[in-house]
Amino acid sequence: MTTPAGGPGSWSENILEYFLRNNQITTEDGAQIIWYHAANHKVQMNEALRSTAQMIEADVILPSNGSEHGQPIMAHPPEINSDNTLQEWLAEVIKSNKGIKLDFKSLAAVEPSMMLLENVKRHLKRPVWINADVLPGPNGNSRAVDAKPFIDTVTSFFPDVTFSLGWTTGWHPEKVNEGYSWTMVKEMEYICNELNQPVTFPVRAALVRQSCSQLLWLLKQSNRYVLTIWTGKNDSYSIEDLLFIRDHFDKKRVFYDILEPQNHEFKQAIGIKINL
């Protein structure tokens, strides 16, 4: 029996509803969700599975050396090798009840990965997010994944999924960093307005405050849209920037996949206890 789109146990189920239903959070507040970022190698994957994180994020690439017969592996560029294949990763993660976010840096890795997901679909009654940066964004210099073939490939396998569609970005400590422009958010809305799936837009914490009007406008275009705040390792931003986001956006529609120590300080500032 297929699970209805967006219904309990479907891949497109809202993660707040899923974790509330499983008594892992206490209220519909995106800040309550704990993330484990870059659970790629076996050590990090096992740490993520043992952790209190509800959502596990990992990166999928094709090996550059042709090993594993082109089987997708778990690594974040510039890494090109891994001790973990997607097949091995899924075999472990399906034993948990954690939500999944898979991040793709190239179109080539998408179809073989969807085939592997197809094999374990019946064991995955939980939110599954599929992510790619599909448009150039502020200071972005890495290549965006072509949106249409990415979306078409994913939906040809799984029409019931949550998309995470972002912009390539950069951050420079020596200069004023522009935020997400009107052109950028309108291009994204043009891509997403025809979709039926829920969409989360991953946005860089250090660039959100200067893009508040644009991102508020984007969220107003559909109740299917939410934001996921993420941070670069060397980005400079303050807890005040995170609290600004907290004050200006609906708490149900913003998730925070941010690094320490800011994650701990932010949760403390808004009164959310962290069980490590």
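Reader: What makes K42 and E88 a salt bridge?

Author: In this predicted model, the side chains of K42 and E88 come to 3.6 Å, N to O. The cut-off is 4 Å between a Lys or Arg side-chain nitrogen and a carboxyl oxygen of Asp or Glu. The value is within 4 Å, so the pair counts as a salt bridge.

Reader: Which parts of the chain does the pair of K42 and E88 tie together?

Author: K42 lies in helix 2, residues 42-50, and E88 lies in helix 3. The two residues are 46 apart in sequence, so the pair ties those parts together.

Reader: Why is K42 called partly exposed?

Author: Its relative accessibility is 31%. Buried needs under 20% and exposed needs over 50%. K42 falls in between, so it counts as partly exposed. E88, with a relative accessible area of 34%, is partly exposed too.

Reader: How many salt bridges does the structure hold?

Author: The structure holds 9. One of them joins R246 and D29, at 2.6 Å from N to O. R246 sits in helix 9, residues 239-248. D29 sits in the loop between helix 1 (15-21) and strand 1. The two are 217 residues apart, so this pair links distant parts of the chain.

Reader: Are R246 and D29 buried or exposed, and how do you know that?

Author: R246 has a relative accessible area of 10%. D29 has 8%. Buried means under 20%, so R246 and D29 are buried.

Reader: What separates D152 and K148 along the chain?

Author: Both lie in helix 5, residues 147-157, and they are 4 residues apart. That means about one helical turn between them. Their closest N and O atoms are 2.6 Å apart, and the two form a salt bridge.

Reader: Why is K148 called exposed, and what is D152 called?

Author: K148 has 55% relative accessibility. Exposed means over 50%, so K148 counts as exposed. D152 is at 36%, which makes it partly exposed.

Reader: Which residues do salt bridges with shared partners join into one network?

Author: D59, D103 and K105.

Reader: What about K98: how far is the nearest side chain of opposite charge?

Author: That side chain is E47, 11 Å away. A salt bridge needs an N and O within 4 Å, so K98 has none with E47. K98 is buried all the same. Its location is the loop between helix 3 (86-93) and strand 4 (99-104).

Reader: What does the side chain of K98 reach?

Author: The backbone oxygen of S51, at 2.9 Å. The limit for a polar contact is 3.5 Å, so this distance is within it.

Reader: Why is the pair of W35 and W129 called tilted?

Author: The ring centres are 5.4 Å apart, and the planes are at 55°. Stacked needs under 30 degrees and edge-to-face needs over 60. The angle fits neither, so the pair is tilted. W35 is in strand 1 (residues 35-36) and W129 in strand 5 (residues 128-136), 94 residues apart.

Reader: What makes the pair of W129 and F255 edge-to-face?

Author: The planes are at 70°, and the centres are 5.8 Å apart. Over 60 degrees counts as edge-to-face, so the label follows. F255 lies in strand 9 (residues 254-257), and the pair ties together parts 126 residues apart in sequence. W129 has a relative accessible area of 2%, so it is buried. F255 is buried as well.

Reader: How many aromatic pairs does a search of the whole structure find, and which residues form one aromatic cluster?

Author: The search finds 11 pairs. W167, Y180, F201 and Y225 form one cluster.

Reader: Where does the charged end of K186 sit?

Author: Over the ring of W217, 5.7 Å from its centre. The distance cut-off is 6 Å, and 5.7 Å is within it. K121 lies over the face of W11, at 5.5 Å from the ring centre.

Reader: Why do C192 and C212 form no disulfide?

Author: Their sulfurs are 19 Å apart, too far for a bond. A disulfide needs sulfur atoms within 2.5 Å, so this pair fails. The structure holds 0 disulfides. C192 is buried, at 0% relative accessibility. C212 counts as buried at 11%.

Key:
Residues are numbered from 1 along each chain as its sequence is written. This is a predicted model: local features need pLDDT of at least 70, side-chain atom pairs count only at pLDDT 80 or more; totals for chains, interfaces and linings use all residues. Side-chain values use heavy atoms; hydrogens and water are left out. Buried means under 20% relative accessible area, exposed over 50%, partly exposed in between (1.4 Å probe, protein chains only). Rings of Phe, Tyr and Trp (its six-membered ring) pair if their centres lie within 6.5 Å; planes under 30 degrees apart count as stacked, over 60 as edge-to-face and the rest as tilted. A charge sits over a ring if NZ of Lys or CZ of Arg is within 6 Å of the ring centre and within 35 degrees of the ring normal. Lys and Arg count as positive and Asp and Glu as negative; His and the chain ends are not counted. A polar contact is a pair of N or O atoms within 3.5 Å; within protein, one must be able to donate a hydrogen and the other to accept it, and residues adjacent in sequence count only if both atoms are side-chain atoms.
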